[in-house]
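User: Hey, can you walk me through this one? I'm new to reading structures.

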Amino acid sequence: MPNERGLQTRQKLMDATIELLATRSYRDIKVMDIAHVVGTSPATFYQYFPDIEGVVLEASRLLAEETNAALDGFEDGSWSSDGLPGATRLVDAVLDGWSGHLPVMRVLTAVAAERDPRFVKAYFAATRPVVRALTAAAQTTTPNGEGKELVHALVSGLTAAAGHENAGSVQGLTKRQRRRGLARLVHAAVTTADA
């Protein structure tokens, strides 16, 4: 276990990696770049992480913890009985909870799609609270589990939307308008039985 100074160095390496991920493609970042930002050597980086993927996976653990905390009050599905306002609260909680982790979420989503088992596991850990909240709400209208495909589609939509959260206008829509559209989709999915 690293001492206090070691923990600070480790955190600086994580922060630098995430900072670089916010402005560059994941595959374009080198350990040398991270070490340069922190003012250390690549050898120091390797004392704390096996590779850049190791940093992203470690950061994804914090993302999963914060997502769990952000959605703690949504997991029983009762939010859906509030209609569109409940769906809006859920969408806001998800996207606000992910807002400090957008570079990590973007990499998790992309690399999990490539079927890297480490990233698939991390992606599912980060999205599991969202799945639970949506599943609990969908079970009231699709009790035989037919809502599973709706939940998957909604989670995919939310993770894709997270990638655009910091963009000003996307196709002429503001962040608020994009969130409102997602809330309408969530509301429709959990209040309409599978036909």
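Analyst: Sure, let's talk through the domains, then the core, then one helix. This is a predicted model, where local features need pLDDT of at least 70, side-chain atom pairs count only at pLDDT 80 or more, and totals for chains, interfaces and linings use all residues. Residues are numbered from 1 along each chain as its sequence is written, and side-chain values use heavy atoms, with hydrogens and water left out.

User: Cool. How is the protein chain divided?

Analyst: Into domain 1 (4–47) and domain 2 (53–193), with bounds from an automatic or database domain assignment.

User: And how many residues of domain 1 are in contact with domain 2?

Analyst: Ten, and they are in contact with twelve residues of domain 2; contact means heavy atoms within 4.5 Å.

User: New topic: which residues have the most contacts inside the largest nonpolar core?

Analyst: Trp79, Leu90, Trp98, Phe119 and Leu134, in a core of 54 residues. A nonpolar core is a set of buried Ala, Val, Leu, Ile, Met, Phe, Trp, Tyr and Cys residues joined through side-chain atoms within 4.5 Å, and buried means under 20% relative accessible area (1.4 Å probe, protein chains only).

User: Where does that core lie?

Analyst: Between the two domains, because both give residues to it.

User: What about H8, which residues are buried there?

Analyst: Val151, Leu154, Val155, Leu158, Thr159, Ala161 and Ala162. Helices are DSSP runs (H or I, at least four residues), numbered from the N terminus.

User: What do they pack against?

Analyst: The buried residues of H8 pack against H5, H6, H7 and H9.

Notes: Buried < 20%, exposed > 50% of the residue type's maximum accessible area, 1.4 Å probe, protein only. Helix = DSSP H or I, 4+ residues; strand = E, 2+ residues; numbered from the N terminus.
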